[in-house]
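User: I am in my first year and would like a close look at a single part of this protein, with the rest of the model brought in where it helps. Please take me through it slowly and in connected sentences.

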Amino acid sequence: MNSQKLIDTAKDLVGNDKGLLAMDESNPTCNKRFDAVGIPQTEASRRSYRELIVTTPGLGESISGAILYDESIRQKTSKGSSFVDVLVEAGIIPGIKVDTGAKEMAGFPREKVTEGLDGLPARVQEYARMGARFAKWRAVIAIDPGIPSHACIEANAEALARYAAICQHAGLVPIVEPEVVMDGPHDLERCLEITRRVLHSVFNHLYVQRVLLEGIILKPNMILPGTDCPLQDDIEQVAGATVHCLLRSVPAAVAGIAFLSGGQTGELACARLNAMNVRFASKMPWPLTFSFARAIQHPALDIWSGHESTVKAAQKALLHRAKCSRAARLGHYSDEMDKA
Ligand code: 13P
């Protein structure tokens, strides 16, 4: 294993005040998002939409890495350049989602375990040959009365650690994403307690599998009240709870932390990340940045809606959200800049 290469790639991704763009929606997820705004659910539409994203002028000033999907890593622009080449040309490191989805967990109703370990070493080698330098695997942990179970947390954490070891062996930096989802009426305290349990289990398994912590990026949820919780804590409370949870659970050796947005609006995700970087910059041993999908893409997808005539306006909206996210990573974000 080439440890220095992993450390260098991780630094290129998170050590430069930029963040990551997740554009790795699986075909079913991408189709669901298209359906919501009336875009045809075809390979041609998905290709056009991804071309719009990767050719956005100036994206590389805010985005250090973009996560692709098995379909998009093989796709090309209308002029015939591969998306991988377009990203590299823009100074953006290509990455790849390698899990095959969160599936129902046998014996544990309402819980899921992420699949994709079978054949993973060969797939990862193929993606590396295609130009991917990092990878992503997402585990999904739901909160509801009686769940998550110990079994669900352990099964997902072990799979994440085995995936991480396989990626590092092939020279790819693994993004380790254990997402505690926002859905439900639970409060912030319960999200905190579950996230802490999940992170402890994940890091325990990463040690067991001999994963090099300097060569991973953690992609966690923020500590939030559930979307149906009557008490919605303010930005400062979310920022404080999230940073304290991470300080107690994530070893200092980890290369960086890049949050998912999880269904938050772009504005709220930026305001919360910004508050963490403003208040706690001197206390944190790792860079704290973003790896958003919806919080960067959503306004652009709405504006595009599948029409050639709206591509430029959609790219402008995408760039704006990317710039706001980068400002939040630096602690320079404000409502005023967002509305400008
Ligand atoms: P969201 O930012 O939309 O939560 O997506 C991030 C991601 O990559 C989920 O796996």
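Analyst: The side chain of threonine 265 reaches the backbone nitrogen of leucine 268, at a distance of 3.1 Å. This is a predicted model, and every distance or percentage below was computed from its atoms. Threonine 265 itself is found in the loop between β9, which covers residues 256-259, and α9, which covers residues 266-280. Its relative accessibility is 44%, and because that value falls between the 20% and 50% cut-offs, threonine 265 counts as partly exposed. Along the chain threonine 265 and leucine 218 are 47 residues apart, and their C-alpha atoms are separated by 21 Å.

From there we can turn to the ligand. The residues that surround the ligand include Leu260, Ser261 and Gly262, and among the others are Lys136, Arg138, Ser291, Phe292 and Ala293. Glycine 262 places a backbone N or O atom 2.6 Å from an oxygen atom of the ligand, and alanine 293 likewise has a backbone N or O atom that lies 2.8 Å from an oxygen atom of the ligand. In the case of lysine 136 the contact comes from the side chain, where a polar atom lies 2.5 Å from an oxygen atom of the ligand. Taken alone the ligand exposes 300 Å², and the protein buries 93% of that. The ligand sits in the largest pocket, and the elements that give two or more residues to the shell around the ligand are β6, residues 134-141, and β10, residues 288-292.

Lysine 136 also leads to another loop residue, since Lys136 is one of the residues touched by valine 98. Valine 98 lies in the loop between β3 (93-97) and β4 (102-104), and although that places it in a loop, as with threonine 265, its relative accessibility is 0%, so valine 98 counts as buried. Besides Lys136, and not counting residues up to four places away in sequence, valine 98 touches Gly116, Leu120, Arg123, Val124, Tyr127, Ala135, Trp137 and Tyr163. Valine 98 and tryptophan 286 are 188 residues apart along the chain, with their C-alpha atoms separated by 25 Å.

Two helix residues can be set beside these loop positions. Glutamine 168 lies in helix α6, which spans residues 150-169, and it is buried because its relative accessible area is 2%, under the 20% cut-off. A polar atom of the side chain of glutamine 168 lies 2.9 Å from the backbone nitrogen of leucine 212. Leaving aside neighbours within four places in sequence, glutamine 168 is in contact with Met1, Leu6, Pro174, Val211, Leu212, Gly215 and Ile216. The other helix residue is arginine 50, whose place is in helix α3, residues 43-54. Arginine 50 is buried too, with a relative accessible area of 2%, and among the residues it touches, not counting those up to four places away in sequence, are Glu25, Glu71, Tyr69 and Phe83.

Some loops also show backbone details that reward a careful look. In the loop between β6 and α6 we find proline 148, and the peptide bond that runs from isoleucine 147 to proline 148 is cis, with omega near 15°. Arginine 110, placed in the loop between β4 and β5 (112-114), has a positive phi of about 75° although it is not a glycine. Arginine 210 also has a positive phi, of about 60°, although it is not a glycine, and its place is in the loop between α7 (188-208) and β8 (217-218). With a relative accessible area of 52%, arginine 110 is exposed, and arginine 210, at 74% relative accessibility, counts as exposed as well.

Finally, we can come back to the helix that follows threonine 265 by way of glycine 331, which lies in the loop between α11 (311-330) and α12 (335-339). Glycine 331 and asparagine 274 are 57 residues apart in sequence, and in space they are 4.7 Å apart from C-alpha to C-alpha. Once its neighbours within four places in sequence are left aside, glycine 331 is in contact with Asn274, Asn277 and Val278.

Methods
Residues are numbered from 1 along each chain as its sequence is written. This is a predicted model: local features need pLDDT of at least 70, side-chain atom pairs count only at pLDDT 80 or more; totals for chains, interfaces and linings use all residues. Side-chain values use heavy atoms; hydrogens and water are left out. Helices (H or I, at least four residues) and strands (E, at least two) are DSSP runs, numbered from the N terminus. Buried means under 20% relative accessible area, exposed over 50%, partly exposed in between (1.4 Å probe, protein chains only). A polar contact is a pair of N or O atoms within 3.5 Å; within protein, one must be able to donate a hydrogen and the other to accept it, and residues adjacent in sequence count only if both atoms are side-chain atoms. Contact means heavy atoms within 4.5 Å. A residue is near a molecule or strand if one of its heavy atoms lies within 4 Å of it. Accessible areas come from the Shrake-Rupley method with a 1.4 Å probe; for residues, only the protein chains shown count as cover. On a 1 Å grid over the protein atoms alone, a cavity is a set of points where a 1.4 Å probe fits but cannot get out, and a pocket is an open set with protein on both sides within 12 Å along at least five of seven lines; lining residues have an atom within 4 Å of a point. A molecule sits in a cavity or pocket if more than half of its atoms lie within 2 Å of its grid points.
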